[in-house]
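The following explanation is intended for a reader who meets this structure for the first time. Please keep the sequence and the model in view while reading.

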Amino acid sequence: MQDLWTQVDRYFCDRLAPAGPGDELDAALATNKKAGLPAIDVSRLQGKFLEFLVRSSGARRVLEIGTLGGYSTLWLVRGLPEDGKIVTLEFDPHHAETARENLRNAGVLERVELIVGRAIDSLPALEDAAEPFDLIFIDADKKSYPEYLEWALKLSRPSTVIVADNVVRDGEVVDADSNDPDIQGVRRFTELLATEPRLSATVLQTVGVKGYDGFALAVVLR
Ligand code: SAH
Ligand code: DHB
Ligand code: MG
């Protein structure tokens, strides 16, 4: 099926998210490759989906957990209004440095606050910010997704949108006995989504150039 998923992804991508000349998104992927970063960014069509979520929710303040080279950050920025801002958290200094280069090259560095360190150490300081976040994208270490969801709730307001990447992982998520801490993290995260009365959540399974995976989508009720 992978061949067909790739063909269909390309068909829609070519029409709905084509790369223009001097495309800063493709440029970022090239920079990431040169810097030796793993190619685990969202796909182009998924990036457009992130842009869509920011735009359609009217988000002005976005939090991203897991920057890598800033490819998803660039898509999130695209959905923001002029005065919108993103805070993005990255553990690996080399990933963060590469992201800074990509954001600078795209001319959006001043709209992004990139905080280097373990997300779990950076999140508490964000609670002191004057305003909650309107949209939160969780995409760092999957084993910590439950903790990131707790923080997302603390840093949100009613109607905040919470999106989490990679919750399907080739279907591995259904293996209750998995000894992969990432799978167990996603399963505990899902239990929290299910039982947390302040959230209404669903999951969108995805196929495409990045294989078979999915996004969890939640909205804060109160
Ligand atoms: N959002 C990116 C991909 C992120 S990949 C995109 O789609 O373009 C996951 C990133 O999370 C990696 O860069 C990894 O270094 C980072 N990460 C892993 N553990 C982390 C932690 N504890 N705190 C912050 N970032 C972490
Ligand atoms: C991995 C992480 C991601 O965020 C992703 O989209 C794909 C893979 C990983 O850690 O393997
Ligand atoms: Mg991901």
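The model discussed here is a predicted one. A suitable place to begin is Tyr 212, which belongs to strand S7, the stretch covering residues 211-220. Because its relative accessibility is 26%, Tyr 212 counts as partly exposed. Leaving aside residues up to four places away in sequence, Tyr 212 touches Trp 5, Val 168, Arg 169, Asp 170, Gly 171, Gln 205, Thr 206 and Val 207. With one of these, Gln 205, the side chain of Tyr 212 makes a polar contact of 2.3 Å. A distance across the model may help with orientation: 31 Å separates the C-alpha atom of Tyr 212 from that of Arg 60, and the two residues are 152 places apart along the chain.

Attention may now turn to the metal. Which residues supply the protein donors of the magnesium ion (ligand 3)? They are Asp 139 (OD), Asp 165 (OD) and Asn 166 (OD1), and they lie 2.1 Å from the ion. Written along the sequence, the spacing of these donor residues is D-x25-D-N. Asp 139 sits in the loop between strand S4 (135-138) and helix H7 (145-154), while Asn 166 sits in the loop between strand S5 (161-164) and helix H8 (181-195), so the pair ties together parts of the chain that are 27 residues apart in sequence. Both loop residues have little accessible area by the criterion applied here, in which buried means under 20% relative accessible area. Asp 139 counts as buried because its relative accessibility is 15%, and Asn 166 counts as buried because its value is 14%.

The metal donors recur in the surroundings of ligand 2. This ligand is surrounded by Ile 40, Asp 139, Lys 142, Asp 165, Asn 166 and Arg 169. Three side chains of this group offer polar atoms to oxygen atoms of ligand 2. For Asn 166 the distance is 2.8 Å, for Lys 142 it is 3.0 Å, and for Arg 169 it is 3.4 Å. Taken alone, ligand 2 exposes 290 Å², of which the protein buries 64%. Arg 169 also links this account to its starting point, since it is among the residues that Tyr 212 touches.

Asp 139 leads onward to ligand 1. Around ligand 1 there are 21 residues, and the closest are Gly 66, Ser 72, Glu 90, His 95 and Asp 139. A polar side-chain atom of Asp 139 lies 2.8 Å from a nitrogen atom of ligand 1. The backbone contributes as well: a polar backbone atom of Ala 119 is 2.8 Å from a nitrogen atom of the ligand. On the side of Glu 90, an N or O atom of the side chain is 2.6 Å from an oxygen atom of ligand 1. Taken alone, ligand 1 exposes 590 Å², and the protein buries 88% of that.

Helix H7 follows the loop that holds Asp 139. H7 is mostly covered, with seven of its 10 residues buried. These are Tyr 145, Pro 146, Tyr 148, Leu 149, Trp 151, Ala 152 and Leu 153. Beyond the helix, in the loop between H7 and S5, is Ser 156. Ser 156 is buried because its relative accessible area is 15%. Its side chain turns to the backbone of two of the buried residues of H7: the backbone oxygen of Ala 152 is reached at 3.2 Å, and that of Leu 153 lies 2.9 Å from a polar side-chain atom of Ser 156. Not counting residues up to four places away in sequence, Ser 156 touches Pro 132, Phe 133 and Val 220.

The aromatic residues complete the tour. A search of the whole structure finds five aromatic pairs. One of them joins Tyr 11 and Phe 12 edge-to-face, at 4.9 Å centre to centre and with 75 degrees between the planes. Tyr 11 is partly exposed, with a relative accessible area of 43%, and Phe 12 is partly exposed at 39%. Tyr 145 and Phe 189 also form an edge-to-face pair, with 5.4 Å between centres and 65 degrees between planes. Tyr 145 lies in helix H7 and Phe 189 in helix H8, so this pair ties together parts that are 44 residues apart in sequence. Here both members are buried: Tyr 145 has a relative accessibility of 0%, and Phe 189 one of 2%. Finally, ring pairs link Phe 49, Phe 52 and Phe 215 into a cluster.

Conventions:
Residues are numbered from 1 along each chain as its sequence is written. Chains are lettered from A and ligands numbered from 1 in the order in which they are written. This is a predicted model: local features need pLDDT of at least 70, side-chain atom pairs count only at pLDDT 80 or more; totals for chains, interfaces and linings use all residues. Side-chain values use heavy atoms; hydrogens and water are left out. Helices (H or I, at least four residues) and strands (E, at least two) are DSSP runs, numbered from the N terminus. Buried means under 20% relative accessible area, exposed over 50%, partly exposed in between (1.4 Å probe, protein chains only). Contact means heavy atoms within 4.5 Å. A polar contact is a pair of N or O atoms within 3.5 Å; within protein, one must be able to donate a hydrogen and the other to accept it, and residues adjacent in sequence count only if both atoms are side-chain atoms. Donors are N, O and S atoms within 2.8 Å of the metal (3.2 Å for Na, K and Ca); water is not among the atoms, so sites may look incomplete. A residue is near a molecule or strand if one of its heavy atoms lies within 4 Å of it. Accessible areas come from the Shrake-Rupley method with a 1.4 Å probe; for residues, only the protein chains shown count as cover. Rings of Phe, Tyr and Trp (its six-membered ring) pair if their centres lie within 6.5 Å; planes under 30 degrees apart count as stacked, over 60 as edge-to-face and the rest as tilted.
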